[in-house]
Amino acid sequence: MPNVVFFVRGRGGATLAAVTDTAATPVPPATDPAFTPPSLGRRFGALIIDWVLCLMVARAFSDPVRDGWPPVLVLILEYGFFIGLFAQTPGMYLTRLRCVSWADGGRIGPLRGLLRGFLLALVVPALLMDEHRRGLHDRLAGSVVTDAPRR
């Protein structure tokens, strides 16, 4: 979006200008009529990358082939940490996605990130989507997956 410039006439006829960068103030997804969710392919790609990383981390302290729970636990903790603090997991970073609060577009925090990760690990909540491609795990955590802004 372009910058918005306001002109204000001051005392003695002096003109003051204020520049507002509208790109710096993102519109929350809940109130943005132009919100378009990212493709399911990119979301699935991010999940596959994160799952492979979780398998590698879990391999350090268990055998993921024999015991399937350690990678799932690592995935839940990964989501709580990365999404809660940075709004992106490593897989989301590589696929240029982010997970933000539906209401205000900010970070969701570690607790909601853990909740989202736990519900995602159950698989079924992720399959029940609405028109914004928000799975049940997103709706219960108050989050949404969006495109990450390019730098």
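M92 sits among a varied set of neighbours in this predicted model: leaving aside residues up to four places away in sequence, M92 touches A46, D50, I83, A87, L97, R98, C99, R116 and V145. Several of these names come back in the largest nonpolar core, which has 14 residues. M92 is one of the residues with the most contacts inside that core, along with Y79, I83, L97 and C99. Three elements give two or more residues each to the core, namely α1 (40-59), α2 (69-86) and β3 (97-101). Of these, α2 supplies the largest share, with four residues. There is also a second core, separate from the first and made up of five residues, among them F35, A87, W102 and V144. A87, then, belongs to this second core while also being in contact with M92.

W102 and V144 turn up again around R134, an arginine in the loop between α5 (124-127) and α6 (136-141). Not counting residues up to four places away in sequence, R134 touches W102, L128, M129, R139, G142, S143 and V144. What does a buried arginine do here without a salt bridge? The nearest side chain of opposite charge belongs to D130, and it lies 4.3 Å away. That is beyond the 4 Å cut-off for a salt bridge, so the pair does not count as one. The R134 side chain does, however, reach the backbone oxygen of S143, at 2.9 Å.

Stepping back to the whole chain, the protein has six helices and four strands. Read from the N terminus, the elements run β-β-α-α-α-β-α-α-α-β. Of the 151 residues, 35% count as buried. Among contacts between residues at least 6 apart in sequence, 56% join residues that are at least 24 apart.

As for confidence, the pLDDT averages 85 over the protein, and 83% of the residues score at least 70. Among the elements, helix α3 (residues 90-94) has the highest mean pLDDT, at 97, whereas strand β1 (residues 4-9) has the lowest, at 48. Residues 1-8 have a pLDDT below 50, though this stretch still has 23 contacts in the model beyond near neighbours in sequence. Residues 18-22 are likewise below 50, and that stretch has 13 such contacts.

Terms used. Residues numbered from 1 in each chain as written. Predicted model: local features only at pLDDT ≥ 70, side-chain atom pairs only at ≥ 80, totals over all residues. Heavy atoms only, no water. Buried < 20%, exposed > 50% of the residue type's maximum accessible area, 1.4 Å probe, protein only. Lys, Arg positive; Asp, Glu negative; His and termini not counted. Polar contact = N/O pair within 3.5 Å; in protein donor to acceptor, adjacent residues only side chain to side chain. Contact = heavy atoms within 4.5 Å. pLDDT = per-residue confidence, 0-100. Core = buried A, V, L, I, M, F, W, Y, C linked by side-chain atoms within 4.5 Å.
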